[in-house]
Amino acid sequence: MATYQSDLRDLNFNLFDVLEVEKLPYGLERKDLETIISEFDTFVGKEVFPTRPKGDQKGAQWTPEGVKAPESFHTTTQNFYKNGWFALGMKEEVGGSPVPEAVTTACVTLDLQSG
């Protein structure tokens, strides 16, 4: 059985030591941004990654109502919204959590590499 594994050390090196994203004017320190990335990584490892095999086995289904995602995706998608991850990188005025675009991209990459 596959296990989820990410390389946060490498990711953090590139974001903070190379790009220095904590210096961008978002009012967030390196520790804050590292925590966001770490929490997103935990969400991907515990909630997203386990749905991948079930989703591959079942697949999306075409129904008269439209395309239906596998049942295993439903709870994970609800938790993604409930935990506010959908708002990562969006402006505060629209209910978002503004972070540097590189941090948002890093989180999306963690999600994509889990599949």
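This note sets out numbered points on the fold, the surface, one helix pair and selected residues of a predicted model.

1. Overall fold. The protein chain contains five helices and two strands. Their order along the sequence is α-α-α-β-β-α-α, with the two strands placed between the third and fourth helices. The C-alpha trace extends over about 50 × 35 × 15 Å along its principal axes.

2. Burial and contact range. The protein chain has 115 residues, and 29% of them count as buried. When contacts between residues at least 6 apart in sequence are considered, 60% of these contacts join residues at least 24 apart.

3. Surface and charge. The accessible surface of the protein chain amounts to about 7,900 Å². Carbon and sulfur atoms contribute 53% of that surface. As for charge, 11 side chains are positive and 18 are negative, and the centres of these two sets are separated by 6 Å.

4. The pair α1 and α2. Helix α1 covers residues 8–18 and helix α2 covers residues 30–48. Their axes approach within 11 Å and cross at roughly 145°, and the crossing is right-handed. On the α1 side, the contact is made by L8, L11, N12, L15, F16 and D17. On the α2 side, the residues that make the contact are R30, L33, E34, I37, S38 and D41.

5. V21. This residue lies in the loop between α1 and α2. Is V21 buried or exposed? V21 has a relative accessible area of 4%, and V21 is classed as buried because the cut-off for that class is under 20%. Neighbours within four places in sequence aside, V21 is in contact with L15, F16, L33, P100, A102 and V103. Among them, L15 and F16 also belong to the α1 side of the helix contact, and L33 belongs to the α2 side. V21 and V99 are 78 residues apart in sequence, while their C-alpha atoms are 9.2 Å apart in space.

6. E20. The loop between α1 and α2 also holds E20. The phi angle of E20 is near 55°, a positive value in a residue other than glycine. For context, most residues other than glycine have a negative phi. A reviewer may wish to view this backbone position in the structure. E20 is partly exposed, with a relative accessible area of 34%. From E20 to E101 the separation is 81 residues in sequence and 12 Å in space, C-alpha to C-alpha.

7. L19. A further residue of the loop between α1 and α2 is L19. How is L19 classed, buried or exposed? L19 has a relative accessible area of 54% and is exposed, because that class begins over 50%. Apart from neighbours within four places in sequence, L19 is in contact with N14 and A102. The C-alpha atoms of L19 and A102 are 8.8 Å apart, although 83 residues separate L19 and A102 in sequence. A102 is also among the contacts of V21.

8. V108. This residue is located in helix α5, which covers residues 101–113. V108 counts as partly exposed, at 43% relative accessibility. V108 and N79 are 29 residues apart along the chain, and their C-alpha atoms are separated by 16 Å.

9. Summary of the loop. Within the loop between α1 and α2, V21 is buried, E20 is partly exposed and L19 is exposed. The contacts of V21 include P100, A102 and V103, and those of L19 include A102.

Technical notes:
Residues numbered from 1 in each chain as written. Predicted model: local features only at pLDDT ≥ 70, side-chain atom pairs only at ≥ 80, totals over all residues. Heavy atoms only, no water. Helix = DSSP H or I, 4+ residues; strand = E, 2+ residues; numbered from the N terminus. Buried < 20%, exposed > 50% of the residue type's maximum accessible area, 1.4 Å probe, protein only. Contact = heavy atoms within 4.5 Å. Areas by Shrake-Rupley, 256 points an atom, 1.4 Å probe, with all protein chains shown as cover. Lys, Arg positive; Asp, Glu negative; His and termini not counted. Charge placed at Lys NZ, Arg CZ, Asp CG, Glu CD. Axes fitted to C-alpha atoms, helices over the stretch in contact; angles between N-to-C directions. Left-handed = near helix turned anticlockwise from the far one by under 90°.
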